[in-house]
Amino acid sequence: MKKDVKIANTPLKIYLFFAGMLLVTAFFSSFIGRMDVGPATVLETFVKLPALLVSLFYGKHEQLTNDEMVLLLIRFPRILLALVVGCGLSVSGAVYQGLFRNPLVSPDILGVAAGCTFGAALGLLLPGSDFTIVRLCSFVAGLIAVGLALAMAKAINSSRALVLVLTGIVSGSLFHSFFMILKTVADPYGQLPAIVFWVMGSLSGASWLDTLQLCPVIFIGYIIFHLFRFRLNVLSLGDPQAKALGVNPNGLRLFLIVVSSFMIAVCVASCGQIAWVGLVIPHIVRTILGPNHRMLIPCSAMLGATFLLIADGIARSALSSELPLGVVTSLVGAPIFAWLLYKNRNRGWT
Amino acid sequence: MDVMTGNSEELLLSCVNLNFSHREKHILDNVSLEFRKGEFVALLGKNGAGKSTLLSCLLGILPSQSDHLELSGIVPTKSMRTEIARKVSFVPQEHDDMFPFAALDVVVMGRTAFLGVFGAPTAEDYQLARDVLQELYVSHLESRVYNTLSGGEKQLILLARALVQTRTMILLDEPTNHLDYKNRYHILAILKKQCIQYGSCVVACLHEPNHAALFADRVILLNEGRIVADGETAAVMTNERLSRLYGIAIGRNKQLVEPCFSQPSFAGKVLLLVGASGEGKTTTLQRIIENNREKSFSGLLCPGTWKNGRRYSSTARCIRTGKSTLFAVRQNTNGDGPFIFSSEGQELAEKALAADKQHSSECIIVDEVGPLELRNAGYAPHLAPLLSLQKPLHIWAVRPDIVEHVCAKWMLVDPVIVPVTADDACSRIQRFLDSQAEVNNT
């Protein structure tokens, strides 16, 4: 019973494949939407992009055509946001799965997402709060939830990863019940639908400002993961082996958890809870390329971005009204995941 | 204690009054030890005696209190993990719960301590990992998924990872657990080789006192966290001490089965006639048989025909009966392609090498032990039974590039190696036959 894995000796080709897929998807996504914009216009806008951005920056909107306005002010930021969020969620998913040595761990295992959701609901309930405050609440609550999980694990004083998972469940369900309380007290005609819609996730509110706020966090986080990707292999062997091989697991694990929690918190705070990306994408890449984080991290980033772009494309074009993004990712992700489980039966971890 | 008399330059690891307790329970109690270059140290003790804990404390993986703990100039409980990992490697008990990494990826992780914080293994690191796999004759496992390997293969991969990390000092936690009868000795023999060839210090927890008796230079007996005895293997392993340690009366008995390599009569009973294809191994063997008509030879000769400078066909000849038949011929008549074996030839070879028919023979000739046998095919199933026979000597024809692998695989002790191209090849083989005959007669 020989089971070989491909040892990637031509990573460049694989990178080019994933990057190509990403660019093609991004290009086609710019046609999709309620207004028809032809490929020629898109190309033309791409060519003129620097000049247009400069004029946009100085507030000279009147110089732009309608098509250019749609592309520049709505579609491009939305595409960029999808790319960044998809990348952030799937990379932190890959890191969490490595850290917890469990391929079925998703990035909200430590309660980040539950905290963020509670924070956002709180923000939506507060009188007179605008979208910025909602996001800030969400971000802060997400970090508090993770902090609580980490603090409980620290108090239990066990360095076993399982303890962290358990405290994560405690913290997550605590914040989830807070969130339920908020839902019951919310005004069922105005606030409740807003909360429900926010939870299901959407990129529809994308503006250049949000996207540019998100970019540095995700970018820095990705760079950190990329640099530590070989260490992640060693960490995934478990603490005693990591120590024997020359890695101090506790500090590094905490650091990586904090970084990925930041990434997830900003993602969830800016576009709601988008399920499945962080779980399924690393899993898919692991089936194709093996568990070595050397390839897993960059390829998860690219595939995650592609996946979210496609899901967002479906969300905004499938029905006459926009579908919530979280629903689309689940609809697409769940069957893929089931298929992967089936395909990998009797192999590795399933 | 005789361990205290070594050269202090060779001291690798020492601890004085090392204590470790877990939940108010003393696991290790005032343990003082020194480990030196080139030693094979076996750690014996019951389950729960603290063997694994001791290894973890020496590595600094578990925090311990001690008057003194030093690993080649650093303190394991305080130093950076990288620094420790460069000086000592660790082979854990075989375990499954890891991502399905390729075996090579697992081995290359041994280089972690030599990479920067953000480093990834380079082409040289991969080459180093491949070299070690080659050294342990498991190159073919390189791209297999670690989790799907057998217990013995997993242990070899983990051992390769440790060798890639450092050979200076290797700690092993029950390296022979879950291994089959042969693989246990195989792993221990590899470790012993590290001590002799590289001056490695090997410290292994073992569960089988016989393994310690066969391989260890020094034995430490550990009972309830205390050192009961520490010293040269034969001196420490008395029946009385072992009985006290394990709580079961232990004596010595020659009726038990044990591998031949540890028995004195096994040493030097195999002659390897080394030569590349077409250098005249079979011809030399035929000449030897001609010159020694009074001796009873058995086994198999495979004279061949050549085409375009390559072996084209070979004939199997049973030396005992003199019968011969076509054994194998190349697929294509121009001398290309793989050999096609004939069923009559294979049947003849089976009979010629069947161990139960060779008791009276003085010398068994096997022409030849090649790559096929190294993959457990061909004559391989017959070789160990033939070696187990008390009386006969063996002459195996072997190609030069696999001599070491053949010696390692069949655990040959002091084999006589004769290159077929040497001028005095025949007289050396003759001397081998005569000298051993004398030994047998006396």
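# Exercises on a predicted two-chain model

The contact (heavy atoms within 4.5 Å) takes 36 residues from chain B and 32 residues from chain A. This is a predicted model, in which local features need pLDDT of at least 70 and side-chain atom pairs count only at pLDDT 80 or more, while totals for chains, interfaces and linings use all residues. Residues are numbered from 1 along each chain as its sequence is written, chains are lettered from A and ligands numbered from 1 in the order in which they are written, and side-chain values use heavy atoms, with hydrogens and water left out.

## Exercise 1. The interface

Describe the interface of chain B and chain A by area, polar links and composition.

*Solution.*

Step 1: area. The size of an interface is often given as the accessible area lost when the parts come together. Here chain B and chain A bury about 3100 Å² between them. Buried area is the accessible area (1.4 Å probe) that two parts lose on being put together, summed over both. Carbon and sulfur atoms carry 67% of it.

Step 2: polar links. Five residue pairs are in polar contact across the interface, both residues at pLDDT 80 or more. A polar contact is a pair of N or O atoms within 3.5 Å; within protein, one must be able to donate a hydrogen and the other to accept it, and residues adjacent in sequence count only if both atoms are side-chain atoms. The rule finds zero salt bridges across the interface of chain B and chain A. A salt bridge is a side-chain nitrogen of Lys or Arg within 4 Å of a carboxyl oxygen of Asp or Glu.

Step 3: elements. On the side of chain B that touches chain A, the elements giving two or more residues are α2 (81-87), α3 (103-108) and α5 of chain B. Helices (H or I, at least four residues) and strands (E, at least two) are DSSP runs, numbered from the N terminus.

Step 4: composition. The residues on that side of chain B divide into 21 nonpolar, nine polar and six charged. Ala, Val, Leu, Ile, Met, Phe, Trp, Tyr, Cys and Pro count as nonpolar, Asp, Glu, Lys and Arg as charged, and the others, Gly among them, as polar.

## Exercise 2. Helix α5 of chain B

Check the length of helix α5 of chain B, then state how many of its residues are buried.

*Solution.*

Step 1: length. The expected span is 1.5 Å times one less than the number of residues. For the 15 residues of α5(B), residues 151-165, that gives 21 Å. The end C-alpha atoms are 21 Å apart, which agrees.

Step 2: burial. Buried means under 20% relative accessible area, exposed over 50%, partly exposed in between (1.4 Å probe, protein chains only). In α5(B), 13 of the 15 residues are buried, so the rest of the structure largely encloses this helix.

## Exercise 3. The fold of chain B

Summarise chain B by its secondary structure, extent, burial and contacts.

*Solution.*

Step 1: count the elements. Chain B has 15 helices and 18 strands.

Step 2: take the extent. Its C-alpha trace spans about 75 × 55 × 35 Å along the principal axes.

Step 3: assess burial. Of the 442 residues in chain B, 53% are buried.

Step 4: sort the contacts. Among contacts in chain B with a separation of 6 or more, 66% join residues 24 or more positions apart.

## Exercise 4. Salt bridges

How many salt bridges are there over all chains, and where do the partners of individual pairs lie?

*Solution.*

Step 1: total. The count comes to 19 over all chains.

Step 2: chain A. Asp239(A) and Arg253(A) meet in a salt bridge (2.5 Å, N to O). Asp239(A) lies in helix α10 (residues 239-245) and Arg253(A) in helix α11 (residues 249-271), so the pair ties together parts 14 residues apart in sequence. Asp239(A) is buried at 15% relative accessibility; Arg253(A) is buried at 7%. A network of salt bridges links Arg78(A), Asp312(A), Arg316(A) and Glu322(A).

Step 3: chain B. Arg167(B) and Glu135(B) form a salt bridge (2.8 Å, N to O). The pair links distant parts of the chain: Arg167(B) is in the loop between α5 and β6 (169-172), Glu135(B) in helix α4 (residues 123-135), 32 residues apart. Arg167(B) is buried, at 18%. Glu294(B) pairs with Lys295(B) in another salt bridge, the closest N and O atoms being 4.0 Å apart. Glu294(B) is exposed at 60%, whereas Lys295(B) is buried at 14%.

## Exercise 5. Backbone details

Locate the cis peptide bond between Asp367(B) and Glu368(B), and place Glu224(B) and Asp414(B).

*Solution.*

Step 1: the cis bond. Omega is about 0° between Asp367(B) and Glu368(B). Glu368(B) sits in strand β16 (residues 363-369) of chain B.

Step 2: Glu224(B). Its phi is near 45°, a positive value in a residue other than glycine. Glu224(B) lies in the loop between β8 (218-223) and β9 (226-232) of chain B. Glu224(B) is exposed at 57% relative accessible area.

Step 3: Asp414(B). Phi of Asp414(B) is near 45°, again positive in a residue other than glycine. Asp414(B) occupies the loop between α14 (403-409) and β18 (416-419) of chain B. Asp414(B) is exposed at 55% relative accessibility.
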